[in-house]
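Got the viewer open? Keep the selection tool handy and we'll walk through a few stops together.

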Amino acid sequence: MENLADESHGAKIVISGDTKICGIIGYPVSHSASPRMHAAAYRSLGLNWAYVPFPVKPHELESSIRGLQSLGIMGVNVTIPYKEAVIPYLHELSPAAARMGSVNTIVNRNGRLTGYSTDGQGFILSLEREARISPKGQSAFLIGAGGAARSIAFALVEAGVSELWISNRTRFRVDALKHDIEVAYPDAKVTTVDDRSIQMIHALEECKIVINTTPLGMPPNEDARPIESTQWVTSDHWVCDIIYKPFPTRWLADVQAKGANILGGAGMLAGQGILAFHLFTGLEVAYDVMRREV
Ligand code: NAP
């Protein structure tokens, strides 16, 4: 028996006996844009696939991951708060996910679950597609040293930045990130500076790519900025905030008023989705198909 499951955007997804299922696990997960993005990708390529949000309570995480194998679910994305917690339940990790200790995509290949991290590569994709710049040979400044910062830091180093500067409110986290990058990439040039220090302003003047990875600027902290000063801003700067709602954040609006080019977080969200879609299906989807759903 057929069931018309989704009539959004005027296109019907027909669930049949052959439909392949992907999804996203997190808690909560109802706010996620991923079901819309992946559904748009399936429609654009005429795939008989569907993508479902799975709100998983913490005590049911292990049984949910085991359930992916038993139900033959092709793969899932993983969001807050499980990007690290899922790791013990997987059979293997990609080299990038192992280095970062974080998984945002799980692929089920004949019952073997492999964890990947596509967040950082998603950011690079958005930089290339929307800012039309490559990080190769550029110096970049990263504000924050949490999970998203880690994935972006590794992706920037892999993409060949000439120097990576990092600051963070909590010193030991930024030191740990620098250490982990240098273990994986002994030739990488990584410099840390104290958050909101004068050295930070000097480094910001030198770096053409500046990225906020803290939640400062996101509800309920819409008025907060990762750095108050705008004296370092020039029209050569690309200032990026991985927060995607609101766009622009107050900080992006400030630096744009000073002449900087700005990039919000929607492209990173689309980028990680495009890379996850490829891991699930083996197919490519056009950037704009997912980007316009964010
Ligand atoms: P996380 O692991 O908790 O890291 C948060 C980072 O922000 C840490 O470096 C933390 O510093 C810093 N921070 C938090 N509150 C701060 C404050 N009041 N003042 C100064 N620094 C503060 O979080 P995450 O997973 O990396 O996510 C961070 C942000 O990225 C969130 O806004 C999230 O929505 C966004 N994000 C966007 C995408 C996308 O696709 N666009 C993907 C992932 C995440 P400490 O070390 O001192 O705590």
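How many aromatic pairs does the structure hold? Two. Keep in mind as you look that this is a predicted model.

**Stop one: the rings**

Select Tyr42 and Trp49 and show their side chains. The ring centres sit 5.9 Å apart and the planes meet at 40°, so this pair is tilted. Neither angle cut-off is met: stacked would need planes under 30 degrees apart, edge-to-face over 60. Now switch on a surface and look for the two residues. Tyr42 has 1% relative accessibility and counts as buried; Trp49 is buried too, with a relative accessible area of 10%.

Keep Tyr42 selected and add Phe277. Here the centres are 6.0 Å apart and the planes are at 35°, so you're looking at a tilted pair again. Colour by sequence position and this one gets fun: the pair links distant parts of the chain, with Tyr42 in helix H1 (residues 34-45) and Phe277 in helix H9 (residues 266-281), 235 residues apart. Are these two partners buried or exposed? Both Tyr42 and Phe277 are buried.

Show the three residues together before moving on: ring pairs join Tyr42, Trp49 and Phe277 into a cluster.

**Stop two: the cysteines**

Next, select Cys207 and Cys240 and put a distance label between the sulfurs. How many disulfides does a search of the whole structure find? Zero. Why no bond for Cys207? Its closest cysteine sulfur belongs to Cys240 and lies 12 Å away, which is too far. A disulfide would need the sulfurs within 2.5 Å. Turn it around and the story holds: from Cys240, the closest cysteine sulfur is the one in Cys207, at 12 Å and too far for a bond.

Check the surface here as well. Cys207 is buried at 0% relative accessibility, and Cys240 is buried with a relative accessible area of 1%.

**Stop three: Asn212**

Stay with Cys240 and bring up Asn212, since the two are in contact. You'll find Asn212 in strand E12 (residues 209-212). Buried or exposed, this asparagine? Asn212 is buried, with a relative accessible area of 0%.

Zoom in on its side chain: there's a polar contact to the side chain of Asp241, at 3.1 Å. Then select what surrounds Asn212. Setting aside neighbours within four places in sequence, Asn212 is in contact with Ile143, Pro226, Cys240, Asp241, Ile242, Ile243 and Trp251.

Terms used: Residues are numbered from 1 along each chain as its sequence is written. This is a predicted model: local features need pLDDT of at least 70, side-chain atom pairs count only at pLDDT 80 or more; totals for chains, interfaces and linings use all residues. Side-chain values use heavy atoms; hydrogens and water are left out. Buried means under 20% relative accessible area, exposed over 50%, partly exposed in between (1.4 Å probe, protein chains only). Rings of Phe, Tyr and Trp (its six-membered ring) pair if their centres lie within 6.5 Å; planes under 30 degrees apart count as stacked, over 60 as edge-to-face and the rest as tilted. Helices (H or I, at least four residues) and strands (E, at least two) are DSSP runs, numbered from the N terminus. A polar contact is a pair of N or O atoms within 3.5 Å; within protein, one must be able to donate a hydrogen and the other to accept it, and residues adjacent in sequence count only if both atoms are side-chain atoms. Contact means heavy atoms within 4.5 Å.
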